[in-house]
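Trainee: I would like to learn how to read the strands and helices of a model. Where should we start?

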Amino acid sequence: MTQISEIRVENLMIDFPVGGGLFRRDHIRTAHDVSLTLRAGEALAIVGESGSGKSTTARAISRIVKPTAGRILVDGHDILAPGRQPSRRDYAAKVQMIFQDPFGSLNPVHTIRHHIARPLRLHHPDLSSARIEDQVIATLTRVGLSPAAQTADKYPHELSGGQRQRVAIARAVAVGAQFILADEPISMLDVSIRLGILNLMDDMKRDGIGFMYITHDIATARYFAERTAVMYVGHMVEWGESDSVTQTPFHPYTRLLLDAVPQPGRRRQAQPPQARRAEIPVRRPDSRGCPFAARCPQMREICRGTLPPVTQLKDDHYVRCHLAETR
Ligand SMILES: Nc1ncnc2c1ncn2[C@@H]1O[C@H](COP(=O)(O)OP(=O)(O)OP(=O)(O)O)[C@@H](O)[C@H]1O
């Protein structure tokens with residue numbers, strides 16, 4: 001299986017039709033000009049509140065959702081271009097999604113062995129049963145589900161939430177995932193076991209697996225991901241090296257997210273009233289202005305009418321904010 005070293009998303013736009021009659025359909029814009037790069041052995045965190053377009057972006061990369069515009073380049077090859085599309089099965093094996101609720105993706109009537117062995121058989125029809133069993137055991141051991149033979153005999157309901165998420169990761173690895181798009185993989189787990197899953201994914205980075213880590217929690221993004229992109233209503237508002245984005249945040253929305261992170265010994269600052277009151281807006285293809293304007297404590301007149309351009313703050317730190325233009 002050829003190795004993918006980079007998945008680059010360029011200027012992705014995703015619109016969904018909503019309501020309306022047959023001929024006058026309205027659209028909402030879920031992703032606007034999203035550009036990002038996933039690299040083998042690294043994690044990119046996508047951080048933002050509900051509805052910011054994080055999952056839709058991941059679904060476009062995994063080819064579940066067809067983008068309205070933009071390019072997805074896998075090692076330079078545009079997989080959306082006519083005639084250039086890789087086989088769905090091959091791509092799906094290499095680029096896999098895992099979800100918030102691992103129970104939802106496991107079938108309660110089948111053992112863990114079945115869940116790992118079935119995709120292995122599907123993707124490697126030439127493997128003997130003995131080899132499949134060896135791989136099931138090796139994979140369960142690799143994700144920390146030891147003793148693996150005992151775990152393999154169990155049913156999903158006999159495992160804890162953390163163990164089930166490990167099974168979901170094992171299943172992705174078993175079929176040869178090179179990139180894992182992890183959509184809030186720890187948010188439903190007990191706080192005490194979240195770190196174990198993040199550490200497991202961190203180990204897998206060292207084996208060359210690339211991650212897109214979708215989260216509401218900028219604190220775990222900083223812990224796990226080399227790079228972080230903050231999204232707000234379909235727009236990337238700030239991105240770059242995680243340390244730079246989280247230690248020297250520029251965008252008022254990033255600062256709001258960081259301010260909401262509890263820190264021992266620090267009293268939470270009072271948030272500006274605008275940041276608390278405004279509704280999260282719905283964006284349409286013809287929406288203008290900065291998506292965060294209505295909530296922004298530093299909103300200026302230009303923010304209402306003009307989408308801010310991208311400003312480079314440092315070597316690997318970018319922001320879309322009018323305030324950055326007049327620094
Ligand atoms: N198939 C669809 N049809 C119409 N609207 C959709 C569709 N899929 C997603 N949306 C809308 O797109 C917006 C972004 O959704 P998305 O799930 O990508 O956000 P998110 O940042 O991942 O949020 P969450 O953390 O809640 O999953 C939401 O307003 C959602 O309702």
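Mentor: Start with pairing: two strands pair if DSSP finds at least two bridges between them. Strands here are DSSP runs of E with at least two residues, helices are runs of H or I with at least four residues, and both are numbered from the N terminus. By that rule, strand β10 (residues 235–241) and β12 run antiparallel and are joined by 3 bridges. Across this pair, Glu 238 stands opposite Val 319 in β12.

Trainee: What kind of model is this, and how are its residues counted?

Mentor: This is a predicted model, in which local features need pLDDT of at least 70 and side-chain atom pairs count only at pLDDT 80 or more, while totals for chains, interfaces and linings use all residues. Residues are numbered from 1 along each chain as its sequence is written.

Trainee: How many bridges join strand β11 to β12?

Mentor: There are 4 bridges between strand β11 (residues 310–314) and β12, and the two run antiparallel. Lys 314 stands opposite His 317 in β12. A hairpin of 2 residues makes the connection from β11 to β12.

Trainee: Are the faces of strand β12 covered, or are they exposed?

Mentor: A residue is buried if 20 or more other C-beta atoms lie within 10 Å of its own, exposed if 12 or fewer, and partly exposed in between, with C-beta atoms placed from the backbone. In strand β12 (residues 317–320), both faces are covered: His 317 and Val 319 are buried on one side, Tyr 318 and Arg 320 on the other.

Trainee: Which residues does Ser 244 touch?

Mentor: Contact means that the C-beta atoms of two residues, placed from the backbone, lie within 7 Å. Leaving out residues up to four places away in sequence, Ser 244 touches Lys 314, Asp 316 and His 317. Ser 244 lies in helix α9 (residues 242–247). It counts as buried because it has 20 C-beta neighbours inside 10 Å. From Ser 244 to Ala 260 there are 16 residues in sequence and 18 Å in space, C-alpha to C-alpha.

Trainee: In what order do the strands of the 8-strand sheet stand?

Mentor: The order in this open sheet of 8 strands is β6-β7-β8-β3-β9-β10-β12-β11, and the pairing is mixed. β6 (95–98) and β11 are the edge strands, each pairing on one side only. For angles, axes are lines fitted to C-alpha atoms, for helices over the stretch in contact, and angles run from 0 to 180 degrees between N-to-C directions. Neighbouring strands of this sheet are turned by 20° against each other on average, direction ignored. Helix α10 (residues 252–259) packs on the sheet and touches β3, β9 (227–232) and β10, its direction making about 105° with that of β9.

Trainee: Which strands pair with β8 in the parallel sense?

Mentor: Strand β3 (residues 43–47) pairs with β8 in the parallel sense over 5 bridges, and strand β7 (residues 179–183) runs parallel to β8 and is joined to it by 5 bridges. On the β3 side, Val 47 stands opposite Thr 215 in β8, and Ala 45 stands opposite Tyr 213. On the β7 side, Leu 181 stands opposite Met 212. As for burial, 6 of the 6 residues of strand β8 (residues 210–215) are buried.

Trainee: What is the order of the 4-strand sheet?

Mentor: That open sheet has the order β2-β1-β4-β5, with antiparallel pairing. β2 (26–39) and β5 (77–78) stand at the edges with a single partner strand each, so one side of each has no neighbour in the sheet. Strand β1 (residues 6–18) pairs with β2 over 10 bridges in the antiparallel sense, and Ile 7 stands opposite Leu 38 in β2. Helix α1 (residues 54–61) lies across β1, β2 and β4 (69–74), running at about 115° to β1.

Trainee: At what angle do the axes of α6 and α7 cross?

Mentor: Angles under 35 degrees count as roughly parallel, over 145 as roughly antiparallel, 65 to 115 as roughly perpendicular and the rest as oblique. The axes of helix α6 (residues 161–174) and helix α7 (residues 191–206) cross at roughly 15° and come within 10 Å. That makes α6 roughly parallel to α7. Gly 162, Gln 165, Arg 166 and Ile 169 in α6 meet Ile 193, Gly 196, Ile 197 and Leu 200 in α7.
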